[in-house]
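The exercises below ask for simple checks on one protein model. Each task is followed by a solution in steps.

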Amino acid sequence: YQVFSADDVTAAQMIRLQQSLGYSLAEIGVLAEEYRRGAGSPERTGEVLRKQIVRLEERQRELDTALAFLKGKLEWVEAGQPGSAPQPNAYFC
């Protein structure tokens with residue numbers, strides 16, 4: 001058995017949260033190191049958050065496009081596959 005401190009548990013929870021927000025482990029490591037060094041500031045935090053928001057918005061657009069394709073394909077299948085199948089290039093730029 002290994003015993004973890006409350007700080008270890010908090011750190012693990014923060015890592016999982018950051019991963020769920022789309023940060024890579026490398027990015028999390030850099031941010032954690034900045035925090036430990038006291039290099040964080042409201043300006044830096046704002047910069048990091050704005051960058052991640054842009055990345056997530058792009059990912060959202062990609063997911064919306066993928067969902068539109070899948071829904072179109074499902075409708076086509078459920079309608080008995082009339083005509084041509086929906087083509088992915090109609091959904092992806």
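The expected span of a helix is 1.5 Å times one less than its number of residues. The model used here is predicted.

**Exercise 1. Compare the expected span of helix 3 with the distance between its end C-alpha atoms.**

Step 1. Helix 3 covers residues 42-78, which makes 37 residues.
Step 2. At 1.5 Å a residue, helix 3 should span 54 Å.
Step 3. The end C-alpha atoms of helix 3 are 52 Å apart, which agrees with the expected span.

**Exercise 2. Repeat the check for helix 1, then state what follows this helix.**

Step 1. Helix 1 has 15 residues and should span 21 Å.
Step 2. Its end C-alpha atoms are 21 Å apart, in agreement.
Step 3. Glycine 22 follows helix 1 and has a positive phi, near 95°. Helix 3 is likewise followed by a glycine, glycine 80, with a positive phi near 90°.

**Exercise 3. Classify glutamate 34 and leucine 21 as buried, partly exposed or exposed.**

Step 1. Buried means under 20% relative accessible area, exposed means over 50%, and partly exposed lies in between.
Step 2. Glutamate 34 has a relative accessible area of 14%, so this residue is buried. Glutamate 34 lies in helix 2, residues 25-37. Beyond its neighbours within four places in sequence, glutamate 34 contacts Ala39, Gly40 and Arg44.
Step 3. Leucine 21 has 38% relative accessibility and therefore counts as partly exposed. Leucine 21 sits in the loop between helix 1 and helix 2. Together with Met14 and Leu17, Leu21 forms a nonpolar surface patch with about 260 Å² of accessible area.

**Exercise 4. Which residues of helix 3 are buried, and what is included in their cover?**

Step 1. The buried residues in helix 3 are Gly46, Val48, Gln52, Phe69, Gly72 and Trp76.
Step 2. Helix 2 is included in what covers the buried residues of helix 3.

**Exercise 5. Compare the radius of gyration of the protein with that of a compact globule.**

Step 1. The protein has three helices and zero strands, in the order α-α-α from the N terminus.
Step 2. A compact globule of 93 residues would have a radius of gyration near 12 Å, whereas the protein has 21 Å.
Step 3. Along the principal axes, the C-alpha atoms fill a box of roughly 60 × 40 × 15 Å.
Step 4. Of the 93 residues, 14% count as buried. The protein exposes about 7,600 Å², with 60% of this supplied by carbon and sulfur atoms.

How values were computed. Residues numbered from 1 in each chain as written. Predicted model: local features only at pLDDT ≥ 70, side-chain atom pairs only at ≥ 80, totals over all residues. Heavy atoms only, no water. Helix = DSSP H or I, 4+ residues; strand = E, 2+ residues; numbered from the N terminus. Buried < 20%, exposed > 50% of the residue type's maximum accessible area, 1.4 Å probe, protein only. Contact = heavy atoms within 4.5 Å. Patch = residues over 30% accessible without salt bridge, like charges linked within 9 Å, V, L, I, M, F, W, Y side chains within 5 Å. Areas by Shrake-Rupley, 256 points an atom, 1.4 Å probe, with all protein chains shown as cover. Salt bridge = Lys/Arg side-chain N within 4 Å of Asp/Glu carboxyl O. Rg over C-alpha atoms; globule rule 2.2 N^0.38 Å.
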